[in-house]
Amino acid sequence: MSEKENSYPVNLLETSFPMRGDLPKREPQWVAQWQKNKLYEKIRAAHASQPKFILHDGPPYANGDIHIGHAVNKILKDMIVKSRWLMGYDAAYVPGWDCHGMPIEIQIEKEFGKNLPTAEVQAKARAYAKVQVDKQKKDFERLGVLGDWNNPYLTMNYRNEADEIRALGKIWEKGYVFRGLKPVNWCFDCGSALAEAEVEYQDKTDPTIDVGFAFDDAQRPQLAKAFGIPEIPNKPGMIVIWTTTPWTIPSNQALNVHPELTYALVDTGDRLLILAKDRVETCLEDYGLEGKVIATCLGSQLANISFWHPLAPLHEGYKRLSPIYPAEYVTLDTGTGVVH
């Protein structure tokens with residue numbers, strides 16, 4: 001059979017639909033069309049009488065270009081908002097930016113130098129943040145995310161800053177503000193506390209050490225009361241801490257025990273030790289000592305009892321007492337059950 005006998009006509013439809021997606025060129029056109037036609041506003045108007053759905057968006061930081069993490073975050077949230085429209089909700093999305101923090105101040109220092117007047121730093125930081133917001137906004141819109149992009153919330157807006165002060169005032173009036181003690185990361189160069197995300201760590205191998213803080217003879221009665229015994233035996237004694245940062249011992253100011261763990265007063269013959277009860281056997285074995293538990297108490301009962309700094313006998317500058325503060329982050333997986 002010949003090829004001619006096997007041939008047949010094919011009728012192709014005439015269509016303006018392109019054969020190629022060519023998305024890099026077409027997507028910006030779609031976004032521009034959505035903005036021109038105020039698509040977000042029209043969708044909100046069409047759902048005005050329906051139940052509200054509000055997505056509270058944790059804002060990105062106004063510093064640098066967006067990356068894949070920003071894209072994943074924004075696209076997933078956009079999917080949630082759009083799905084709620086399809087489910088019959090009036091879903092609002094108001095984007096925003098965090099415009100405060102050390103990264104922006106550091107950028108200002110890099111560009112204009114340090115030790116500028118405070119007002120000048122604030123003005124330059126505000127201008128820098130605005131530029132970053134405009135850059136990121138353009139990229140987020142390019143991702144096809146629908147929202148109220150013309151009215152974003154910015155932490156640096158004066159009204160928002162004022163509202164924060166008003167909210168803090170109400171919290172204060174209701175008695176929810178208190179003064180406490182908490183270790184924080186501190187930047188000596190910036191003169192400011194640092195968030196965990198602003199701290200970079202370098203791997204370093206150091207020995208762990210157990211260090212004894214000697215009993216204060218003047219506080220032996222309080223110690224005896226905490227352990228529920230008439231008196232502390234008349235021999236040297238110490239509470240033993242465990243640390244992975246030996247270089248911090250000279251600056252020690254306090255000790256921590258877990259308020260709900262049990263601590264033991266251990267008699268090793270020539271001296272007394274205070275250790276977490278569940279760590280006594282392991283610690284004595286590590287120290288090459290033998291001993292017996294003569295009393296126990298909860299960590300909370302040791303609160304505010306003080307012990308001598310371990311370097312007190314060596315220099316006048318270390319002759320100070322370190323009080324105990326209960327802290328729930330103390331664990332028993334290793335060490336003595338006491339940290340500093």
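**Exercise 1. In which loop is the place of proline 60, between which two elements?**

Solution. This is a predicted model, in which local features need pLDDT of at least 70, side-chain atom pairs count only at pLDDT 80 or more, and totals for chains, interfaces and linings use all residues. Residues are numbered from 1 along each chain as its sequence is written, and side-chain values use heavy atoms, with hydrogens and water left out.

- Step 1. Proline 60 sits in the loop between β1 (52-54) and α4. Helices (H or I, at least four residues) and strands (E, at least two) are DSSP runs, numbered from the N terminus.
- Step 2. Check the cover. Proline 60 has a relative accessible area of 9%, so it is buried. Buried means under 20% relative accessible area, exposed over 50%, and partly exposed in between (1.4 Å probe, protein chains only).
- Step 3. List the contacts (heavy atoms within 4.5 Å). Leaving aside neighbours within four places in sequence, proline 60 touches His70, Lys74, Gly96, Trp97, Asp98, Gln136 and Phe140.
- Step 4. Take one distance. The C-alpha atoms of proline 60 and cysteine 99 are 8.9 Å apart, with their positions 39 residues apart along the chain.

**Exercise 2. Compare the span of helix α6 with the expected value, then find what its buried residues pack against.**

Solution.

- Step 1. The expected span is 1.5 Å times one less than the number of residues. Helix α6 (residues 118-142) has 25 residues, so it should span 36 Å.
- Step 2. The end C-alpha atoms of α6 are 36 Å apart, which agrees.
- Step 3. The buried residues of α6 include Ala125, Tyr128, Ala129 and Phe140.
- Step 4. The buried residues of α6 pack against α2 (23-36), α4, β3 (96-97), α5 (102-112) and β4 (153-154).
- Step 5. Look past the end. Glycine 144 follows α6 and has a positive phi, near 85 degrees.

**Exercise 3. Which residues touch the most other members of the largest nonpolar core?**

Solution.

- Step 1. A nonpolar core is a set of buried Ala, Val, Leu, Ile, Met, Phe, Trp, Tyr and Cys residues joined through side-chain atoms within 4.5 Å.
- Step 2. The largest core has 28 residues, and Leu223, Leu302 and Phe307 touch the most other members.
- Step 3. Find the suppliers. Elements that each give at least two residues include β7 (209-214), α8 (220-227) and β12 (292-298). Helix α8 gives the most, with 4 residues.
- Step 4. Phenylalanine 307 touches, among others, Phe213, Leu223, Ile239 and Ile274, not counting residues up to four places away in sequence.
- Step 5. A second, separate core has 23 residues, including Ala129, Phe140, Trp149 and Met156.
- Step 6. Add the general rule. In soluble globular proteins, nonpolar side chains tend to be buried together.

**Exercise 4. Describe two of the 15 salt bridges.**

Solution.

- Step 1. A salt bridge is a side-chain nitrogen of Lys or Arg within 4 Å of a carboxyl oxygen of Asp or Glu.
- Step 2. Aspartate 78 and lysine 82 form a salt bridge at 2.7 Å, N to O. Both lie in helix α4, 4 residues apart, about one turn of the helix.
- Step 3. Compare their cover. Aspartate 78 is buried at 10%, while lysine 82 is partly exposed at 27%.
- Step 4. Lysine 114 pairs with aspartate 189, with the closest N and O atoms 2.9 Å apart. This pair links distant parts of the chain, 75 residues apart.
- Step 5. Lysine 114 is partly exposed at 47%, and aspartate 189 is exposed at 51%.
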